[in-house]
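I opened this entry to look up how the helices pack and how the strands pair. The notes are kept in the order in which I checked things.

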Amino acid sequence: MTSLKWTNKDVFLPAFERGNRAPSRGSVVLKGQLPGFLTAADMFTRMLKLRLLNAVAPAYFFVATAVTFILHFFLFIPSIFPNPDTSLRSSTTLHTAVFLFLMFNALGNYIMTIKYPAESANDTAIPVCSPHCSDKVDAHYLLNGRHFCKLCKKVIFRRDHHCFFTGNCIGNKNMRYFIMFCIYTSCTCMYSLVLGVAFLTVEYSISFENPLTFLTLLPLSTGYFFMGTISGLQLFLVLMLYVWLGIGLVCAGFCCQQVLLVARGQTWCQMQRGELVENRSPWRANLKNVFGARWILGLILPVQTVDTYSEDTDDLKQD
């Protein structure tokens, strides 16, 4: 009978080393025993899911944006401010200007994130994966802060993560636009949520004084819809309230995390690999490198306010 050989040394081997080395003579390798082992079928399935998500997420973003735009101008504003007198006309203009400002910055920074990709200009050929690769399906860690993203099929410099909503990687060149995109997307969703609640209050006399009203609104509306009490439009409006709330909270939380990483001089990929980066620059300098000296202008307009990093800078080789 063949014995199962497993030594104490094997326990402390990295996952990529246990998964890539050949089994010794007389040893038995059981399927699923090696945590770093992925079959070709598993990698193909996971990559297919990621590519599908990379195509669906931008479409979802544009559909949600179009629906929000239509609901605001064709339903919320005409219902909340129905009379064209002077006082309501100024309020209508103010709400329209605020909404257009938020939407313009969200879409503008979205476009800037795509316009300035984080790909490395010095790497044109597909490199060989480093032995220190963390065995991720979507990206391989090379060296000196570079990753090869299998979804983008490019070498990414100072890669933070792959954003499925933009369809590209976030790195040194577009981190500032991505953070502002998250901020204005969160503000747009929260502002739409407020207008949606105001519309339901005015149009259907729903009182939101009790906090439980919003928590029970979706299950009650679903039940009333199947009972034929409310229309499909009313149920759709309730669903959009929860969509805006979810996207707004997620973007706000994700933005806070990214700002904290930027202040530390760290990336999300480094956190995943468990690297503790010795930050040689103060947090103010790290934020200035991302947001630029004209950071106030970048808060109100989706314009370029900072020069991108040079890939040959010595202080970036610590990654």
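The entries below cover helix packing and then the sheet.

**Model.** I am working from a predicted model, not an experimental one.

**α3 against α8.** I started with helix α3, residues 40-80, and helix α8, residues 232-264. Their axes come within 12 Å and cross at roughly 125°. That makes α3 oblique to α8, since an angle over 115 but not over 145 degrees is neither roughly perpendicular nor roughly antiparallel. I noted the hand of this crossing as left-handed.

Next I listed the residues that meet. From α3 they are Y60, V67, T68, L71, L75 and F76, and from α8 they are F236, L237, M240, V243, W244 and I247. I sorted this contact by class and got 11 nonpolar residues, 1 polar and no charged.

**α3 against α5.** I then turned to helix α5, residues 175-204, which packs on α3 at an angle of about 40° with the axes 10 Å apart. This crossing, too, I entered as left-handed. On the α3 side the contact is made by F61, T68, H72, L75, F76, S79 and I80. On the α5 side I found F181, Y191, S192, L195, G196, A198, F199, V202 and E203. The classes here are 10 nonpolar, 5 polar and 1 charged.

I compared the two lists for α3. T68, L75 and F76 appear in the contact with α8, and T68, L75 and F76 also appear in the contact with α5.

**α8 against α10.** Helix α10 covers residues 283-291, and its axis comes within 7 Å of that of α8, crossing at roughly 115°. V259, V262, A263 and R264 of α8 touch W283, N286, L287 and V290 of α10. I counted this contact as 6 nonpolar, 1 polar and 1 charged.

**Helix lengths and ends.** I checked whether the end-to-end distances fit the residue counts. For α8, 33 residues at 1.5 Å a residue should span 48 Å, and the end C-alpha atoms are 48 Å apart, so the two agree. For α5, 30 residues should span 44 Å at 1.5 Å a residue, and the end C-alpha atoms are 43 Å apart, which agrees.

I also looked at what comes after each of these helices. G265 follows α8 and has a positive phi, near 75°. S205 follows α5, and its phi is positive as well, near 55°.

**The sheet.** Which strands lie at the edges of the sheet? I found 3 strands in an open sheet, in the order β1-β2-β3, with antiparallel pairing. β1 (139-141) and β3 are the edge strands; each has a single partner strand, so one side of each is left without a neighbour in the sheet. With direction ignored, neighbouring strands are turned by 30° against each other on average.

**β2 and β3.** I followed the pairing of β2 (residues 146-149) with β3 (residues 154-157), which is antiparallel and has 4 bridges. C149 stands opposite K154, and F148 has V155 as its bridge partner. The hairpin of these strands has 4 residues between them, and K153 takes a positive phi near 60°.

Definitions and conventions. Residues numbered from 1 in each chain as written. Predicted model: local features only at pLDDT ≥ 70, side-chain atom pairs only at ≥ 80, totals over all residues. Heavy atoms only, no water. Axes fitted to C-alpha atoms, helices over the stretch in contact; angles between N-to-C directions. Parallel < 35°, antiparallel > 145°, perpendicular 65-115°, else oblique. Left-handed = near helix turned anticlockwise from the far one by under 90°. Contact = heavy atoms within 4.5 Å. Nonpolar A, V, L, I, M, F, W, Y, C, P; charged D, E, K, R; others polar. Pairing = 2+ DSSP bridges. Expected span 1.5 Å × (residues − 1).
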